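Let us walk through this protein together, starting from the overall picture and working down to single residues. Please keep the sequence and the model side by side as you read.

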Amino acid sequence: MAARFPLRWLQALRPIRLQPALRSYHVTAPLRSASVADAAPSTPPFLATLKADLKTAMRAKDAQRLAVLRAIITTTNNAAKTDSPIATDAQLIALLRRNMRANLDAAEQARAAQREDLAEKEDAQAKVLQDYIENSGVKQVTEAEVVELISRTIDEVKAASANGKSSLGAVMKGVQGALKGRALEVEMARVSELVKEAINKA
């Protein structure tokens, strides 16, 4: 007579199906070679002076100077994250000059609106920028020097031209190339006006 076993024993004798071991994957990010790491963009030397003056202005609670310096430093920091960083003192001075022009324009508009309080604020900030421009030690190209450069460029374009004439595009290209990277006392819009005037007289 066959022995009878409890059902739970028979269930225990069923073949055990082994689960395959889970395979662990370790995804490692590729190491970035130091040789291809992005180099930190260079900064204009004069920027160090502005940053030092920012701390001084904070201690002195000089509101106008603080506003000016914060705007300049913020613009410079933002530009450093782009393909067109402000890397030289000449570029930094060009930024100071643009901001000064914006302050003067704002002052003029404020006076037109009979807001002398706002006009005085803009004038004060423009004066701060003017002081920095004059004491930056950066050689700036004067309008007289631009006029002289335009005259030379016109002569060069004429000499290289088959018909001995100058064109606005060729002269402007030559002038812009010669002025690239240099600090100007005049805006580029004024340079364009001077080029047109010189060509009309030539």
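Of the 202 residues in the protein, 27% are buried. Keep in mind as you look around that this is a predicted model. The protein has eight helices and two strands, and if you trace the elements from the N terminus, you will meet them in the order α-α-α-α-α-β-α-α-β-α. How are the contacts spread along the sequence? Counting contacts between residues at least 6 apart in sequence, 62% join residues that are at least 24 apart.

A good place to begin is the interior. In soluble globular proteins, nonpolar side chains tend to be buried together. Here the largest nonpolar core has 25 residues. If you would like to find its middle by contacts, look for Phe46, Leu50, Ile72, Leu92, Ile93, Leu96 and Tyr132, the residues with the most contacts inside this core. Four helices each supply at least two of the core residues: H2 (46–60), H3 (63–79), H4 (89–112) and H5 (116–134). There is also a second, separate core, made of 16 residues, and Val157, Leu184, Val191 and Leu194 are among them.

Stay for a moment with Ile93, one of the core residues just named. What does Ile93 touch once its neighbours within four places in sequence are set aside? Its partners are Phe46, Ile133, Ser136, Val138, Gln140 and Ala183.

Now turn to the way the helices pack, beginning with H2 and H3. Their axes lie 9 Å apart and the angle between the helices is about 140°. This angle makes H2 oblique to H3, since only angles over 145 degrees count as roughly antiparallel. The crossing of H2 past H3 is left-handed. On the H2 side, the contact is made by Leu47, Leu50, Lys51, Asp53, Leu54, Ala57 and Met58, while H3 brings Arg65, Leu66, Leu69, Arg70, Ile72, Ile73 and Thr76. Sorted by class, the residues of this contact are nine nonpolar, one polar and four charged.

One of the charged residues in that contact deserves a closer look. Asp53 belongs to helix H2. Is Asp53 buried, exposed or partly exposed? Asp53 is partly exposed, because its relative accessible area is 25%, a value in the range between the 20% limit for buried and the 50% limit for exposed. Apart from residues within four places in sequence, Asp53 is in contact with Leu69 and Tyr132. If you compare C-alpha positions, Asp53 and Leu66 are 8.7 Å apart in space and 13 residues apart in sequence.

The loop between H2 and H3 holds Lys61. This residue has a positive phi of about 55°, although it is not a glycine. Lys61 is also exposed, with a relative accessible area of 72%.

Next come H4 and H5. They pack at an angle of about 160°, with their axes 8 Å apart, and this makes H4 roughly antiparallel to H5. H4 passes H5 in a left-handed crossing. From H4, the residues that meet H5 are Ile93, Leu96, Arg97, Asn99, Met100, Asn103, Leu104, Ala106, Ala107, Ala110 and Arg111. From H5, the residues on the other side are Glu116, Leu118, Ala119, Glu122, Asp123, Gln125, Ala126, Leu129, Gln130, Tyr132 and Ile133. This contact of H4 with H5 contains 13 nonpolar, four polar and five charged residues.

In the loop between H4 and H5 you will find Gln114. Its phi is near 60°, a positive value in a residue other than glycine. Gln114 is exposed, with a relative accessible area of 72%.

Finally, move on to strand E1 (residues 140–141), where Val141 sits. Val141 is buried, with a relative accessible area of 4%. Which residues does Val141 touch, not counting those up to four places away in sequence? They are Val146, Leu179, Arg182, Ala183, Leu184 and Glu185. Of these, Leu184 is 43 residues from Val141 in sequence, while the two C-alpha atoms are 4.7 Å apart in space. You have met Leu184 before, as a member of the second core.

Methods:
Residues numbered from 1 in each chain as written. Predicted model: local features only at pLDDT ≥ 70, side-chain atom pairs only at ≥ 80, totals over all residues. Heavy atoms only, no water. Core = buried A, V, L, I, M, F, W, Y, C linked by side-chain atoms within 4.5 Å. Buried < 20%, exposed > 50% of the residue type's maximum accessible area, 1.4 Å probe, protein only. Contact = heavy atoms within 4.5 Å. Axes fitted to C-alpha atoms, helices over the stretch in contact; angles between N-to-C directions. Parallel < 35°, antiparallel > 145°, perpendicular 65-115°, else oblique. Left-handed = near helix turned anticlockwise from the far one by under 90°. Nonpolar A, V, L, I, M, F, W, Y, C, P; charged D, E, K, R; others polar.
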